[in-house]
Amino acid sequence: LDFFPDGRAVITTHGGDVYIVSGIDNTLHTVRWNRFAAGLFEPFGVKVVDEKIYVTCRDGLKRLHDFNNDGEADFIESFWNDDDVSCVFHGYNFNLQVDNEGNFYLAKAGQHTNHHRPGTIMKVPPQGGKADVVAWGIRTPNGMGRLADGRFTVSDNQGPWMPAGKISAIKPGGFYGNMPINADQDQWLREKYNGELPEDFNKPFIWMPQELDSSCGGQVWVDDPRFGPLSGRLLHSSFGKGWLYYLSLQDIKDQTQAAIITLPHQWDAGVMRLRVNPADGQLYGTGLSGWQGPANGKDGCFQRLRYTGGTCRLLDSVTVVPKGIELHFNFDVDPASTTFVNDWHAEMWNYLWSRKYGSDQFSVLHPGQKGHDLVSIADALLKDSQTVVLGIPDIRPCDQLLLEVETRDRTGEPFLEKAYLTIHSVPEESDSVN
């Protein structure tokens with residue numbers, strides 16, 4: 001989905017339709033759907049640029065024209081013809097994003113496909129006509145996003161060479177772990193590495209176990225203050241669960257790491273795409289259930305998550321600090337509730353990058369041994385009225401750390417939350433941490 005500046009939505013369907021949806025207001029009493037185009041080849045991304053609709057399809061990028069202004073497309077222009085189209089059902093082209101220079105970005109599947117590019121981020125220039133590979137090594141990139149600093153994000157899903165679900169920041173020339181599955185892909189990737197296959201990959205800023213997100217969707221950076229306390233952060237969606245999550249990002253030198261927290265909303269179907277409506281500043285999502293999606297989920301959904309102006313208590317940020325983790329809440333914490341160290345629980349584990357489908361969870365302290373390590377929390381100190389620092393003398397890098405928070409606000413109301421962290425490095429006292 002995407003939006004015109006006046007708030008009308010553009011929605012694509014798996015079956016090949018493009019709808020323009022009008023009447024989106026607070027009440028939603030007079031929403032109208034107008035089919036603008038039909039017959040497209042699995043359109044899994046859409047973007048409105050200068051009032052023109054661009055659609056990502058399996059066979060390339062299309063630009064839709066309504067020459068006589070009757071509300072229906074008269075001409076479907078091949079803005080970029082993909083010369084590497086897979087006949088396998090799962091070999092989609094996913095999503096559509098645009099940078100500040102007007103270049104378009106989309107993601108090609110790397111597994112369940114017979115095309116030769118082993119999962120790539122493709123860049124199409126503003127004038128169309130060609131595409132360049134930006135990064136590679138992605139398995140099933142069912143969703144992209146864009147950070148506030150302009151970097152694009154891409155999610156991936158557990159499978160062979162993919163230990164768990166993850167979200168990565170795209171770096172030009174980056175390799176993200178998915179290895180070749182056919183001879184053409186093997187040859188293509190070896191050419192990138194002087195005849196060899198890569199022995200490592202660019203790490204994600206967050207890993208996610210199956211119980212958190214069993215099949216990843218897309219991301220969106222929300223920067224509209226009308227969205228309330230969730231504005232100014234990256235949100236992520238789950239196709240498998242039908243949930244949304246917010247992230248707390250941390251940059252240490254040239255590496256981003258993050259914590260991810262589930263929002264308490266169940267969507268009607270698996271959520272794949274997220275956009276902010278420029279007319280009202282609220283968040284909208286589309287998705288389907290298909291082979292995944294939430295239990296008893298509907299075939300598809302187009303839904304809105306809006307800020308009603310009420311009180312919303314959040315664990316606002318999670319930051320790794322020297323010898324601990326700093327938690328900032330958007331409410332005043334009861335000082336007495338920080339004295340019970342046993343109310344705070346943490347455990348950590350690593351994943352194994354291998355040909356195996358997914359990964360077991362392995363001890364960080366005893367490599368190769370399956371299981372989690374308990375993380376000892378020495379104390380919980382109130383730094384200010386809304387900030388708690390957990391003392392963890394033995395904190396160390398790990399693929400996954402689960403932190404269970406149990407505290408109270410100043411009124412005595414309990415606050416329970418879970419945060420999943422990926423820790424690539426622990427800052428030293430002299431490090432500059434954002």
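## Aromatic pairs

In this predicted model, the count of aromatic pairs comes to 24. One of them joins Tyr 19 and Trp 33: the ring centres are 5.6 Å apart and the planes stand at 75 degrees, so the pair is edge-to-face. An angle over 60 degrees is what places a pair in that class. Tyr 19 belongs to strand β3 and Trp 33 to strand β4, and the pair links distant parts of the chain, 14 residues apart. Trp 33 has a relative accessible area of 45%, which makes this residue partly exposed.

Another pair is formed by Phe 44 and Phe 94, with centres 5.8 Å apart. Their planes meet at 55 degrees, so this pair is tilted. Phe 44 lies in the loop between β4 and β5 (45-49), whereas Phe 94 lies in strand β9 (residues 93-98); the pair links distant parts of the chain, 50 residues apart. Phe 44 is buried at 10% relative accessibility, and Phe 94 is buried with a relative accessible area of 2%. Both values fall under 20%, so both residues meet the cut-off for burial.

## Ring cluster and charges over rings

Tyr 19 and Trp 33 also belong to a cluster held by ring pairs, together with Phe 3, Tyr 284 and Phe 302.

Rings also take part in contacts with charged groups. Arg 8 places its charged end over the ring of Phe 4, at 4.2 Å from the ring centre. Lys 203 lies over the face of Phe 201, with a distance of 4.4 Å to the centre of that ring.

## The sheet β1 to β4

Strands of a sheet pair through backbone hydrogen bonds, in a parallel or an antiparallel manner. Here, 4 strands make up an open sheet with antiparallel pairing, ordered β1-β2-β3-β4. Its edge strands are β1 (2-3) and β4 (32-37), each of which pairs on one side only.

Strand β3 (residues 18-22) pairs with β4 over 5 bridges, in the antiparallel sense. Val 18 has Ala 37 in β4 as its bridge partner. The edge-to-face pair described above involves these two strands as well, with Tyr 19 in β3 and Trp 33 in β4.

## The sheet β13 to β16

A further open sheet has 4 strands in the order β13-β14-β15-β16, and its pairing is antiparallel. At the edges stand β13 (144-146) and β16 (206-208); each has a single partner strand, so one side of each is left without a neighbour in the sheet. From one strand to the next, the twist averages 20 degrees.

Within this sheet, strand β14 (residues 152-156) and strand β15 (residues 165-169) run antiparallel and are joined by 4 bridges. Thr 153 is placed opposite Ala 169 in β15.

## Salt bridges

Side chains of opposite charge can pair when their charged atoms come close. The count of salt bridges comes to 23. Lys 203, which lies over the face of Phe 201, also forms a salt bridge with Asp 200, with the closest N and O atoms 2.7 Å apart. Lys 203 is partly exposed, with a relative accessible area of 34%, and Asp 200 is partly exposed, with a value of 46%.

Asp 280 and Arg 304 form a salt bridge in which the closest N and O atoms are 3.9 Å apart. Asp 280 is in the loop between β21 (271-276) and β22 (283-288), while Arg 304 is in strand β23 (residues 300-305), so the pair ties together parts that are 24 residues apart in sequence. Asp 280 counts as buried at 18% relative accessibility, and Arg 304 counts as buried at 19%. The cut-off for burial is under 20%, so both values satisfy it.

## A loop pair and a charged network

Asp 360 forms a salt bridge with Lys 370, the closest N and O atoms lying 3.2 Å apart. Asp 360 and Lys 370 are each in the loop between β26 (345-349) and β27 (373-374), 10 residues apart. Asp 360 counts as partly exposed at 27% relative accessibility, whereas Lys 370 counts as exposed at 58%.

A network of salt bridges links Asp 82, Asp 83, Asp 84, Lys 108 and Arg 117.

Technical notes. Residues numbered from 1 in each chain as written. Predicted model: local features only at pLDDT ≥ 70, side-chain atom pairs only at ≥ 80, totals over all residues. Heavy atoms only, no water. Pairing = 2+ DSSP bridges. Phe/Tyr/Trp six-rings, centres within 6.5 Å; stacked < 30°, edge-to-face > 60°. Buried < 20%, exposed > 50% of the residue type's maximum accessible area, 1.4 Å probe, protein only. Lys NZ or Arg CZ within 6 Å of the ring centre and 35° of its normal. Axes fitted to C-alpha atoms, helices over the stretch in contact; angles between N-to-C directions. Salt bridge = Lys/Arg side-chain N within 4 Å of Asp/Glu carboxyl O.
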